Amino acid sequence: MAKKIINSINVTKLDIINAESSESFKKVIGQPIPVAGVAIIEDEDRETHEPRNYAYIFAKDGGVYGGNSATITRACDMLIDTMSDEPNKNYTVNVVSAPTASGREFLSLRVSAD
């Protein structure tokens, strides 16, 4: 299955290819990331081989962060729309972690703009 871009802003197909070497959102919890671009892609899950959505954030410093958290994917989808509506603003994201009732890690995004 080839990767399919579902939604994106300021991201090229070459960026998506290079996103294979992205770092996990878990590695940047609490660190501000100035956003250059955002993408939601559909790709094959490595374990189940079923289609799955992945979110990628492309930082202004060249870093790429990604993962399959449904909460972060929804936030990234809304961020793409927001960046389209207000393209002259600078956006920064922070990955936030909190434990769920079952003890698992729950990731979300906190977005700011100036």
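How much area does the protein chain expose, and what share of it do carbon and sulfur atoms supply? The protein chain exposes about 6900 Å², and carbon and sulfur atoms supply 48% of it. Accessible areas come from the Shrake-Rupley method with a 1.4 Å probe; for residues, only the protein chains shown count as cover.

This is a predicted model: local features need pLDDT of at least 70, side-chain atom pairs count only at pLDDT 80 or more, and totals for chains, interfaces and linings use all residues. Residues are numbered from 1 along each chain as its sequence is written, and side-chain values use heavy atoms, leaving out hydrogens and water.

The protein chain has two helices and seven strands. Helices (H or I, at least four residues) and strands (E, at least two) are DSSP runs, numbered from the N terminus. From that end, the elements run β-α-β-β-β-β-α-β-β.

Some overall values follow.

| Property of the protein chain | Value |
|---|---|
| Radius of gyration | 14 Å |
| Box filled by the C-alpha atoms, along the principal axes | roughly 40 × 35 × 25 Å |

The radius of gyration is taken over C-alpha atoms, and the globule rule is 2.2 Å times the number of residues to the power 0.38. A compact globule of 114 residues would have a radius near 13 Å, so the 14 Å of the protein chain agrees.

Of the 114 residues, 36% count as buried. Buried means under 20% relative accessible area (1.4 Å probe, protein chains only), exposed over 50%, partly exposed in between. Tyr-56 and Phe-58 are both buried.
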